[in-house]
Amino acid sequence: MSDGGSGSGGEGGNPLDVYRRKASFSVEELRNLLDGEELVEFRERIWATMARDPLFAPPQEELSLDQQRRLNFARVKRVIEYDFLPADELMQSPMKSSALTLSLWAFDSGLMTLYGLSRGLFVSAVRSMGSSRHRHFAEDASSFKIIGCFSLTELAHGSNTRGMRTTATYDPTSQEFVLHTPDIEATKCWVGVLGNAATHALLYAQLYTPDGHCHGLHAFVVPVRDLHTHSPFPGVLVGDMGEKLGQNGLANGFVAFSHYRIPRENLLNKSGDVTPDGKYVTPYKDPNKRHGASLGALSGGRVGISTMSVFYLRLAITIALRYSAVRRQFGPTPEVEVPVLEYQMQQWRLLPYLAAVYVLTHYANTFLSDYVDFSVAMVLGEKSDRQAELGREIHALSCATKPLTGFTARDGIQECREACGGHGFLAVSQLGRLRGDNDPNLTYEGDNNVLLQQTANYLLGWFTEKRAGRRICSPLGSVDILDNYEAILRRRFTPRPGATAFSYHDALSAYEWLLCYLWVESQQKIERELASGKNGFFAKEDSQAYHCHTLALVYAEHFALQRFCEFISSAPEENGLKSVSERLCNLYATWVLSKHISTLYQGGYFTRPQYAKLVKDSLLTFCVQLKDDAVALIDVIAVPDFILRSPLGVSNGQVYKHLYQAMVTAPKALERPSLWKEIVDKPVVGSRHHQIAPPRAKL
């Protein structure tokens with residue numbers, strides 16, 4: 001049988017090269033500019049190593065739940081044996097930790113989650129929230145002598161951490177904390193790695209001193225399983241939560257305690273400690289500073305998830321755009337079919353998400369760098385006012401960035417799936433896997449819609465500061481624009497002389513106005529709710545939709561756009577790097593802003609009907625301007641075919657050849673169906689008609 005037919009993707013060359021030859025920039029230089037040459041090379045070395053190892057080859061048959069978890073654990077052990085990032089190299093280049101994370105995550109989310117929770121989150125949390133007395137826990141977890149996990153959520157409480165009810169009561173007679181789960185609702189759950197592997201948990205519990213005073217939620221290192229028998233200790237009930245909607249290579253567990261004792265020294269004491277005789281001490285005189293430092297330390301998971309969400313979209317858009325460049329349907333004559341990428345609707349559906357990958361990748365990378373700097377300062381014992389304020393700002397940003405990236409990835413992956421038609425619905429396309437793997441990003445480390453409330457609370461807290469006559473500014477500058485809100489709200493949009501499109505400069509100015517407008521509107525909405533007789537709690541809760549919720553998202557959108565504009569200003573002019581970066585920014589900026597057009601009119605920033613048309617026309621123009629560069633832009637962000645594992649997104653463009661091969665080599669694809677006897681045995685129409693249940697008698 002021939003490899004191909006009349007459509008591209010069959011025999012004869014690489015159909016993607018038609019677009020690659022149209023590239024207006026250097027692929028290699030843009031890749032290094034976006035991700036950093038050192039990190040690019042580091043990632044490629046990891047993937048090349050995995051590609052040569054048979055343990056990382058795709059299974060040839062469907063695996064049971066137990067087989068998935070065994071394979072996943074074996075792969076994690078192999079990654080540890082490779083030791084891709086030794087401690088000395090990590091100290092020299094902390095950002096390589098994220099590169100390693102994304103490299104493993106791109107291959108398999110379950111692999112990275114098990115590895116990342118045990119060697120990453122557990123270790124970093126112990127180091128940032130603990131002291132020298134906890135160093136051995138971090139070292140043992142790094143060498144996999146112990147296997148750590150992160151235990152915060154309870155059966156009845158997730159987002160409301162203050163409502164969590166697992167207790168840690170200090171006993172001065174034995175100098176131990178007594179951990180106790182008062183009832184089933186306080187059972188810790190959704191603890192990644194705990195279901196089958198973890199030996200130690202970084203556990204959050206309400207700390208009680210002997211005088212009966214509760215000092216709030218604190219973190220403890222808690223041994224849960226014996227290192228030699230792997231059986232739970234007396235007083236510890238631990239188990240597996242069972243099969244999930246996805247990521248089943250990772251076993252999520254639950255744990256409860258019955259007056260279980262741990263040493264006093266197992267309290268992570270960077271922000272608070274208990275003396276041997278039972279007195280609570282803290283280096284922070286102001287409780288808000290201790291809370292700010294703790295908030296920053298707890299933001300690591302959200303920062304990491306934000307990066308992962310963008311990477312999932314990165315994989316999905318690679319598949320969809322390469323497929324769109326190869327897939328030919330219809331044309332100006334019956335004899336000529338054109339790639340679906342040439343159609344306006346396909347461009348309008350996909351190219352904004354390509355631009356989003358670039359803008360949000362840069363934002364996620366720089367935000368991660370900010371978090372690394374904050375964490376290093378925490379480990380070094382920094383307790384300044386700026387450090388505490390930075391912790392609050394990072395918390396607020398992470399609570400908005402995770403929803404921004406998660407929602408964008410969710411919608412983008414689904415659009416990619418649909419844009420690939422029926423072939424995108426096949427499991428081998430990998431789009432279903434990416435959709436499923438990204439799905440929990442919307443929930444763990446905080447439900448996105450609840451997290452946005454925390455960001456809004458942070459922003460509205462600055463209203464009080466402003467009314468008191470204090471200047472609005474923050475360490476990262478994310479709120480600085482609000483200090484000049486009155487002057488900004490007097491702005492009205494006026495097209496630049498001679499301008500034929502709505503550029504990213506226009507969008508950034510519009511976002512400044514939009515952020516200030518929603519900030520004032522949200523505060524006034526809460527005040528109206530209070531004036532109507534509602535208490536403070538429900539006044540805020542009833543001001544979320546269209547106000548606080550949107551405010552928090554716009555805050556993240558503005559900061560992401562602002563940072564990419566800074567990226568453009570530092571991009572070299574040569575080899576087309578600045579030009580293509582500007583076109584990416586133009587498309588992303590007009591696309592995200594177009595969702596707020598009604599608010600721009602409502603608040604009076606847009607005053608003429610043609611301004612909305614200008615935004616929409618500009619968006620379509622920017623799609624056309626980016627279309628010929630789309631495949632090359634994908635080459636910049638693409639992973640190797642071995643990692644992508646999608647016949648629709650292969651780098652050689654031989655889509656149909658690889659898709660056909662996947663179909664005919666699938667397990668039992670060409671065998672006679674196992675139910676062939678049932679098919680041959682035909683039913684007799686109506687043979688059981690007399691057994692139909694009689695109609696119910698009428699009263």
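## Salt bridges, a helix pair and two unusual residues

The side chains of Glu265 and Arg264 come together in a salt bridge, with N and O 3.7 Å apart. Keep in mind as you look around that this is a predicted model. Of the two partners, Arg264 is buried, with a relative accessible area of 11%, whereas Glu265 counts as partly exposed because its relative accessibility is 33%.

Why can such pairs arise? Side chains of opposite charge can pair when their charged atoms come close. A search of the whole structure finds 35 salt bridges, and the table shows some of them.

| Acidic partner | Basic partner | N to O distance |
|---|---|---|
| Glu265 | Arg264 | 3.7 Å |
| Glu342 | Lys627 | 2.9 Å |
| Asp370 | Arg563 | 2.7 Å |

Let's take the pair of Glu342 and Lys627, joined by a salt bridge. This pair links distant parts of the chain, 285 residues apart: Glu342 sits in the loop between H10 and H11, and Lys627 belongs to helix H21 (residues 610–627). Glu342 is partly exposed at 30% relative accessible area, while Lys627 counts as buried at 12%.

Next come Asp370 and Arg563, whose side chains also meet in a salt bridge. Asp370 is part of helix H11 and Arg563 part of helix H18 (residues 544–570), so their pairing ties together parts 193 residues apart in sequence. Both residues, Asp370 and Arg563, are buried. Elsewhere, Asp17, Arg20, Arg322 and Asp635 are joined into one network by salt bridges that share partners.

Now for a pair of helices. How do H12 and H13 pack, and at what angle? Helix H12 (residues 385–419) and helix H13 (residues 431–438) have axes 10 Å apart, at an angle of about 160°. Angles over 145 degrees count as roughly antiparallel, and H12 and H13 are therefore roughly antiparallel to each other. Their crossing is left-handed. On the H12 side, the contact is made by Gly406, Ala409, Arg410, Ile413, Gln414, Cys416 and Arg417; on the H13 side, by Leu431, Leu434, Arg435 and Asn438. Sorted by class, this contact has 5 nonpolar, 3 polar and 3 charged residues.

Finally, which residue in the loop between strand S6 (214–223) and strand S7 (236–240) deserves a look? It is His230, which has a positive phi of about 65° although it is not a glycine. His230 counts as partly exposed, at 32% relative accessibility. Phe330, also not a glycine, has a positive phi of about 60°. Phe330 lies in the loop between helix H10 (300–326) and helix H11 (344–379), and at 64% relative accessibility Phe330 counts as exposed.

Definitions and conventions. Residues are numbered from 1 along each chain as its sequence is written. This is a predicted model: local features need pLDDT of at least 70, side-chain atom pairs count only at pLDDT 80 or more; totals for chains, interfaces and linings use all residues. Side-chain values use heavy atoms; hydrogens and water are left out. Axes are lines fitted to C-alpha atoms, for helices over the stretch in contact, and angles run from 0 to 180 degrees between N-to-C directions. Helices (H or I, at least four residues) and strands (E, at least two) are DSSP runs, numbered from the N terminus. Angles under 35 degrees count as roughly parallel, over 145 as roughly antiparallel, 65 to 115 as roughly perpendicular and the rest as oblique. A crossing is left-handed if the near helix is turned anticlockwise from the far one by less than a right angle, and right-handed if clockwise. Contact means heavy atoms within 4.5 Å. Ala, Val, Leu, Ile, Met, Phe, Trp, Tyr, Cys and Pro count as nonpolar, Asp, Glu, Lys and Arg as charged, and the others, Gly among them, as polar. Buried means under 20% relative accessible area, exposed over 50%, partly exposed in between (1.4 Å probe, protein chains only). A salt bridge is a side-chain nitrogen of Lys or Arg within 4 Å of a carboxyl oxygen of Asp or Glu.
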